[in-house]
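Visitor: I should be grateful for a close look at a single part of this model: the surroundings of the ligand, together with the helix packing beside them. Please take me through that part in one connected account.

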Amino acid sequence: MAKQFDVIVIGGGPAGYHAAIRAAQLGMNTACIDKWLNKEGKPAFGGTCLNVGCIPSKALLEASHKFVEAKESFADIGIVTNGIDIDVPAMIARKDSVVKNLTGGVAALLKSNGVTAMEGTARLLAGREVQFTAHGGEPESLQAEHVILATGSVSVEIPPCPLTEELIVDSTGALDFTAVPKRLGVIGAGIIGLELGSVWRRLGAEVVVLEALEEFLPVADQQVAKEAQKHFKRQGLDIRLGTRVMSSEVKRKKVKVDFKQDDGDKSETFDAVIVAVGRRPYTEGLLAADSGVNLDERGFIYVNDLCATDAPGVYAIGDVVRGPMLAHKGMEEGIMVVERIADQKTLVNYDTVPSVIYTYPEIAWVGKTEQELKSSGEKYNVGVFPMAASGRAMASNVTEGFVKVIADEETDRILGVHMICAHAGELISDAVIAMEFGGSAEDLGLTMFAHPTLSEAVHEAALSVHGHAIHTANRRRRKKS
Ligand code: FAD
Ligand code: NAD
C-alpha cells in the first residue's frame, strides 16, 4: 500500500522547505522530496537559493566588495595596506563551505521538525498520488491529502550562445570560475548580470555587459536606475544597451560574440561569457497528463491568489508560479498555503514584496515606481534624502546614493520607497513594515530612528515628502498627472 502523508512538498528550495517545516509545526505528517545533487554528487536541500543562488552569490559579492574596499578606500580612512591580493580558489572554497553548512542546516531543520526528508525525484499522478524515485532506486507510490509543488526555476539559454564548459556559462558556472577572466562578457544587464558582473569586475576582469533593451533596469525607479548607471560606469562596468546578440564562436579558449546595435554590426572577444537573460519555471517530468494541474501560456503552474492549482488539494508556490522570482516571495507563499490548510486566514501581500540588487551601492525598493504612478495617472508627492547628508554615512565613508519616498498626494499613504545606498537591502525593511501597516509618510516621519544610523535617511526622506527634512534642503516634489 502507498505510504500516506497529510502533506507532500515536492521541492526543497526556500519555498518548499518553509512550507514543509511550517506544516510539520502545525502537526501535519509531512514529507519533503528534493532531487538536488551538489558538486560532489551528494543530495542537498535548499534548492537554487542555497546551492547556486542567493547565498553563494552574496558570499562572493561580500568578499569582492571587501577586496575593493581594502584596495581603494582603506587609505581614505587612514588604514595603510602594503599590497592587497586575491586568492580566487580560497574565495570559492569559502563560498562552498558556507553553502555546505547552510544546506546541511536545512536537512537538520527538516529532521528536527519531524519532516520526512526524501532524496530523489517526484512525479504527481492523478488523485494526489506521488511517484517517488530515490536516487538510484526504484519508483514507489506515496499518497497525500495535500500536495505542494515547489520545483523552482532554471536559467534561460539562448541559441546564439550555447553553454560551453567554463567558457560560456550560466549563473552557476559564474560562481565557480577558478581564476579571474581577463575579459568577461555578460549577456543581460538584469539582476544576475549586474551582481555577478560586479563580482568579477571587482576582482579585476574587464567586463562588458550586453543588454537587449534600450532602457537600463526598467523594473527599478528610473531616478535610481540613472544613479546606478553612473556608479557602475565609474566602477568600470561597460554596459551597452540596445544590443542584439546574434551568434558566438569558441576558438582557442576564447569566445567571439557577434551583436547588432543601432549603429551597425559589432563583435567582441572574451575569455569567458556569462549568459544571464532570465530564468524560467521548471516542471520537467513533474506532472502526469492526468494530474489535473495546468500550466499558463508562459509555462508557469497556473494558480489562483491563494496558490491553489486546478487540481483539488494541489498547490504550487515559489519560482514555478507567477510573480517575482525571489526566495522570500516563495517562502511566504509556502507559509500561507500550509496555514490555510490548517484553517488559518494567512495571506501574501504581493504589494509589499521587497526587491534588492546586491551591487555597490545596493539598490532596493518596495511598491510602485514613479514611472508606474505617472502612467496610471495617480497623484503623489516625493521626498528624497541624499546619503551625502547623513552623519553616519559620512562617518562610515559610504555617502553614495539616496533614499526616495513616494506618498499619495491626498491620503499621504506610502506608495513606494526606492533607494540606492550602502546596506539598502537592510534599510528597505523599514519601508516594507511601514507599507504593510498601511503607513503614511507622516507616520514614518513621526517614528523615532536611532542616531547615528543609515536608516535615518529613510526617516528624513519621509519628512522631506512634506518639506520637513532637517539635514538637507527639502527636495519635495508635488506631482500631478
Ligand atoms: P528552487 O530554489 O529552485 O528549488 C526548487 C527545488 O526543487 C530544487 O532543489 C530542485 O532540485 C527541486 N526539484 C525540482 N523538480 C523536482 C522533482 N520533480 N522532484 C524533486 N525535486 C525537484 N532571490 C532572492 O530573493 N535574493 C537573492 O539574493 C537571490 N539571488 C540569486 C542569485 C542567483 C545567481 C540566482 C540564480 C537566483 C537568485 N535568487 C535570489 C532567486 C532565488 O534563488 C529563487 O527565487 C528561489 O531559489 C526560488 O525558490 P523555490 O523554492 O521556488 O525554487
Ligand atoms: P532578469 O530578468 O533580472 O534580467 C535579464 C536581463 O537580460 C534583462 O534585462 C533582459 O532585457 C536581458 N535579456 C534578455 N534576453 C537577452 C538577450 N538575448 N540579449 C541581451 N539581453 C537580454 O534575469 P536574471 O538577471 O537572469 O535573473 C533571473 C531572476 O533571478 C531575476 O528575475 C530575479 O528574480 C532572480 N534573482 C534575484 C536576485 C536578487 O534578489 N538579488 C539576484 C539574482 C537573481
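Guide: In this predicted model, the axes of α1 and helix α4, residues 88–112, approach within 9 Å of each other and cross at roughly 25°. Angles under 35 degrees count as roughly parallel, and α1 and α4 are therefore roughly parallel to each other. The crossing in which α1 passes α4 is left-handed.

Helix α1 also leads to the ligand. Around ligand 1 there are 37 residues, and the closest are D34, T48, K58, D319 and A327. Two of these names return among the polar contacts. A polar side-chain atom of T48 is placed 2.6 Å from an oxygen atom of ligand 1. At A327 the partner is a polar backbone atom, 2.9 Å from an oxygen atom of ligand 1. K35 likewise takes part through a polar backbone atom, which is 3.2 Å from a nitrogen atom of the ligand. Of the 990 Å² of accessible area that ligand 1 has on its own, the protein covers 94%.

The elements that give two or more residues to this shell are α1 (14–25), β2 (30–34), α2 (47–52), α3 (54–73), β3 (116–124) and α8 (327–341). With four residues, α2 gives the most. By residue class, the shell around ligand 1 comprises 17 nonpolar, 15 polar and five charged residues. Helix α1 thus has a place in both parts of this account: it gives two or more residues to the shell around ligand 1, and its axis comes within 9 Å of that of α4.

Key. Residues numbered from 1 in each chain as written. Chains lettered and ligands numbered in written order. Predicted model: local features only at pLDDT ≥ 70, side-chain atom pairs only at ≥ 80, totals over all residues. Heavy atoms only, no water. Near = heavy atom within 4 Å. Polar contact = N/O pair within 3.5 Å; in protein donor to acceptor, adjacent residues only side chain to side chain. Areas by Shrake-Rupley, 256 points an atom, 1.4 Å probe, with all protein chains shown as cover. Nonpolar A, V, L, I, M, F, W, Y, C, P; charged D, E, K, R; others polar. Axes fitted to C-alpha atoms, helices over the stretch in contact; angles between N-to-C directions. Parallel < 35°, antiparallel > 145°, perpendicular 65-115°, else oblique. Left-handed = near helix turned anticlockwise from the far one by under 90°.
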